[in-house]
Amino acid sequence: MSSKDLFLQELKSQYDKEFDLKNTIESKANYLLTIAGVVSILLFGFGTFLIDNINTSYPPLPYISSLIILGVAINIVSILFSVLSFRIQPYRYVMPYDHFFNDDLSFNEKAIKEYRDADIGVFKDTIIETYLRSNKDNGLTNQDKAVKVQIAQWLFFAGVVTIPIVIGILLSNFPQTVSQ
């Protein structure tokens, strides 16, 4: 096996890994979207329950209400970043099918013949260049998606942190919290 063949094989492996990474990132975004949605709903329900049952003269009530609203809002922004990572983005393919079809969906015989009859060395060089471009572009697209998922994760954690703070405030003055 020549060095060109080994190089081509390695580029194909990297190309496949970029699409595996795409699927992994989208799976993480999906899980985060689901969890943040559930936590937002629970936090909203928890807040509604607390506000209905807390004595309105309880001094920290505005802080508790603000923290709950902040937690829900931050989780909603986390959901938005998760959704943004799902946004359809252009991935580059080594041999896109549309190159081999005309506008009327008939075969583009000229393009097919060009690849089918190409000199093997020229063909490998062309494929190597295409893999290099595809790997670079797909890697950048994955990097963009990963940044959005990472931001969504940090926002989710920030939203979840409001829960123990609210509980801590409630428990620090527990006798005063119950409505009478």
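Let's start with helix 1 and helix 4, whose axes come within 8 Å and cross at roughly 20 degrees. An angle under 35 degrees counts as roughly parallel, so helix 1 and helix 4 are roughly parallel to each other. The crossing of helix 1 and helix 4 is left-handed. And what sits in the contact of helix 1 with helix 4? By class, there are 28 nonpolar, ten polar and ten charged residues.

One thing to keep in mind as you look: this is a predicted model. The chain has a mean pLDDT of 88, and 96% of its residues reach 70 or more. Where is confidence highest in the chain, and where is it lowest? The highest mean, 92, belongs to helix 4, residues 120-172. The lowest, a mean of 58, belongs to helix 5, residues 174-177. Please keep that in mind when you look at helix 5.

Now, back to the packing, and on to helix 2. Two packed helices are described by the angle between their axes and the distance between the axes. For helix 1, residues 3-53, and helix 2, residues 61-86, the angle is about 160 degrees and the axes are 9 Å apart. Because of that angle, helix 1 is roughly antiparallel to helix 2. Their contact is made up of 15 nonpolar residues, ten polar ones and one charged one. As for handedness, helix 1 and helix 2 make a left-handed crossing.

What about helix 2 and helix 4? Here the packing angle is about 165 degrees, and the axes are 8 Å apart. That makes helix 2 roughly antiparallel to helix 4. The residues in the contact of helix 2 with helix 4 are 19 nonpolar, seven polar and two charged. Once again the crossing, that of helix 2 and helix 4, is left-handed.

Let's zoom in on a few residues, if you'd like to follow along in the structure. Find Ser82, in helix 2. Is Ser82 buried or exposed? Its relative accessible area is 1%, so Ser82 is buried. Which residues does Ser82 touch, if we leave aside its neighbours within four places in sequence? They are Ala29, Leu32, Leu33 and Ala152. Of those, Ala29 is a residue of helix 1, which covers residues 3-53, and Ala152 belongs to helix 4, which covers residues 120-172.

Next, go to Ile54, in the loop between helix 1 and helix 2. Ile54 has a relative accessible area of 4%, so this loop residue is buried. Along the chain, Ile54 and Ile167 are 113 residues apart, and their C-alpha atoms are separated by 13 Å.

Pro164, in helix 4, makes a nice contrast. With a relative accessible area of 52%, Pro164 is exposed. How far is its C-alpha atom from that of Leu67, 97 residues away along the chain? The separation is 10 Å.

My last stop is Leu105, in the loop between helix 2 and helix 3, where helix 3 is residues 109-116. Leu105 counts as exposed, because its relative accessibility is 67%. Now look at the backbone. Most residues other than glycine have a negative phi. Leu105 is not a glycine, yet its phi is positive, about 70 degrees.

So, to recap the packing: helix 1 and helix 4 are roughly parallel, while helix 2 is roughly antiparallel to helix 1 and to helix 4. Thanks for listening, everyone!

How values were computed. Residues are numbered from 1 along each chain as its sequence is written. This is a predicted model: local features need pLDDT of at least 70, side-chain atom pairs count only at pLDDT 80 or more; totals for chains, interfaces and linings use all residues. Side-chain values use heavy atoms; hydrogens and water are left out. Axes are lines fitted to C-alpha atoms, for helices over the stretch in contact, and angles run from 0 to 180 degrees between N-to-C directions. Helices (H or I, at least four residues) and strands (E, at least two) are DSSP runs, numbered from the N terminus. Angles under 35 degrees count as roughly parallel, over 145 as roughly antiparallel, 65 to 115 as roughly perpendicular and the rest as oblique. A crossing is left-handed if the near helix is turned anticlockwise from the far one by less than a right angle, and right-handed if clockwise. Ala, Val, Leu, Ile, Met, Phe, Trp, Tyr, Cys and Pro count as nonpolar, Asp, Glu, Lys and Arg as charged, and the others, Gly among them, as polar. pLDDT is the predictor's confidence in each residue, from 0 to 100. Buried means under 20% relative accessible area, exposed over 50%, partly exposed in between (1.4 Å probe, protein chains only). Contact means heavy atoms within 4.5 Å.
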